[in-house]
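Here is a short tour of some strands, charged pairs and surface features, written for someone who likes to have the coordinates open alongside. Take a look at the model first, and then we can walk through it together.

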Amino acid sequence: MSNNEASNKGLENRSKRTKAKNGDGCWVKVKNGYKYKKQHGFKADGKPLILVTTGKTEKECRAKMEKRISDIKQNMLTADTCAKLTLAELCYKHLDTHLSEAERLKPKSADRREGSIRNQVENYPIGSLQVSSISSWDIDRHIEGLISAKKLSISSIVKAYNVINSAFKWAVSQQMLSYNPCVAIHDKLINRFSNLRSKKSVNKEIIVLSSDEILLFKAESKRLCKNEKPKYRVGAASRLLLETGLRVGELCALIWSDWDRESHTLSITKTRFTAIDRTVTDGPKYKTWEGEVKNCHWREIELSKEAEEILNEIYLSSPDPSPTGHIMLNRSQKPTNPSKFIECLNRIFKAANILDDHGNPIYLLSEDDISGAHIFRRTCATNMHNKGISTLDIAAYLGDTEETIIKHYISTKEKIKVGNKTKNIVPFPTPKIKD
């Protein structure tokens, strides 16, 4: 586009935009009518709250704007109305405020927070108590009840407490409440959580696949149907997870241009996930999103010979091998999402009959697992460690912190069969042999 064309385009856009009289907002002429923007006060972070409505006529836009302002005023909290809310309602109001702030909450974070409110606050007696009547003792008793029930992981209980504490802190900061009852018990609960984590880490075992189990899994993942086509759609991709330690979301976000055949590398810059689409109003609907990799650990990794062979196998059978085509496609030839991938993966685990130390299918999730595929990540890290690779290098390759790799991924035990029993033993230390 030339400078003159760009200038004319700008003039044309400005001609479509009409500034109304002071306080009456801004109008924009669009293809099917009008867009009306108007400031209505400020958000909790001090930034202007801009409301937008669209309609075929200016009258329709104004009517929609009046309705939105009326709804906001009706739902506006004051010190009197806040005190009468239940704890669950306060937590939801806090969540709604953060959802209204641009880029405050990522979709997955919003889902987790809403789940904590619904499952660990609203469904318990404390959730129906009025905010003004809740004491430090009520909160302490609620948290201790969650702990003693032994049905939730420590991280889930911590999230429940954080939801309650954050909601009270927010209400106090907005001068809707004068006191946060969590203050008096905060140090006690933080110390309690720390002790529970320490106690759990002592008894926790890092489960990885043994050499025999890897062979069993690979054999099953390569199984063919009678027509000589692969039985499992994710068979080759699951072996790629085992070889590279990729997260499932990272794998599902890969496109073919991420694979550089000349340098034998793979760029991991995005992740794919499913979360609630909060732009729809007719009930919760889930949508697949793509975003930054976890903790912004984007990286370009060098591929092993086996990993490249697996990628080439997937490429040769791909219905869309174009540079922008996703590496992982579902049966409808569309990019797949992690939950569907894991469903398929678990069928391979089940068919291979790989069991944990207690005789349960190994793909069943433990309370700390993100997904059944996470055992590949741990196995990959442990295999690298057994070859003498430093934990810092393993962390860089897997896109995580060294502390996490040491604490959660590397198993120092070896799985062996003794008669009918499976044991995890610490082998006699021997020098690492370099390849």
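In strand β6 (residues 265-268), T265 and S267 point one way, while L266 and I268 point the other way. All four of these residues are buried. Such a pattern is what one expects in general: side chains in a regular strand alternate between the two faces of the sheet. Please keep in mind that this is a predicted model.

Which strands does β6 pair with? One partner is strand β5 (residues 259-260), which runs antiparallel to β6 and is joined to it by two bridges. Within this pairing, W259 has L266 as its bridge partner. The two strands form a hairpin, with four residues between them. If you check the backbone angles in that turn, you will find H264 with a positive phi of about 60°. Another partner is strand β9 (residues 299-302), again antiparallel, and here the pairing extends over four bridges. L266 turns up once more, as the bridge partner of I301 in β9.

Let us move on to the charged side chains. How many salt bridges are there? The count comes to eleven. Three of them are set out below, with the N to O distance for each.

| Pair | N to O distance |
|---|---|
| R192 and E144 | 2.9 Å |
| E306 and K218 | 3.1 Å |
| E313 and R239 | 3.0 Å |

The salt bridge between R192 and E144 links distant parts of the chain: R192 sits in helix α8 (residues 186-203) and E144 in helix α6 (residues 136-149), 48 residues apart. R192 is partly exposed, at 28% relative accessible area, and E144 is also partly exposed, at 22%.

Next comes the salt bridge between E306 and K218. It connects helix α12 (residues 305-316), which holds E306, with helix α9 (residues 211-221), which holds K218, and the two residues are 88 apart in the chain. E306 has a relative accessibility of 30%, so it counts as partly exposed.

Helix α12 appears again in the salt bridge between E313 and R239. Because E313 lies in α12 and R239 in helix α10 (residues 235-244), this pair ties together parts that are 74 residues apart in sequence. Is each end of the pair buried or partly exposed? E313 is partly exposed, with a relative accessible area of 39%, whereas R239 is buried, at 5%. Besides such pairs, there is a network: R247, E250, R299, R377 and D400 are joined into one by salt bridges that share partners.

Now for the surface. Which residues gather in a patch of positive charge there? They are K108, R112, K159 and K294. K108 belongs to helix α5 (residues 107-122), and with a relative accessible area of 35% it is partly exposed.

A last stop is H326, found in the loop between α12 and α13 (338-352). Why does H326 count as buried? Its relative accessibility is 14%, and the cut-off for buried is under 20%. For a distance to check in your viewer, try the C-alpha atoms of H326 and W256: they are separated by 6.3 Å, although the residues are 70 apart along the chain.

Technical notes:
Residues are numbered from 1 along each chain as its sequence is written. This is a predicted model: local features need pLDDT of at least 70, side-chain atom pairs count only at pLDDT 80 or more; totals for chains, interfaces and linings use all residues. Side-chain values use heavy atoms; hydrogens and water are left out. A salt bridge is a side-chain nitrogen of Lys or Arg within 4 Å of a carboxyl oxygen of Asp or Glu. Buried means under 20% relative accessible area, exposed over 50%, partly exposed in between (1.4 Å probe, protein chains only). Two strands pair if DSSP finds at least two bridges between them. Patches are made of residues with over 30% relative accessible area and no salt bridge: like charges are joined within 9 Å, nonpolar side chains (Val, Leu, Ile, Met, Phe, Trp, Tyr) within 5 Å. Accessible areas come from the Shrake-Rupley method with a 1.4 Å probe; for residues, only the protein chains shown count as cover. Lys and Arg count as positive and Asp and Glu as negative; His and the chain ends are not counted. The place of a charge is taken as NZ of Lys, CZ of Arg, CG of Asp or CD of Glu.
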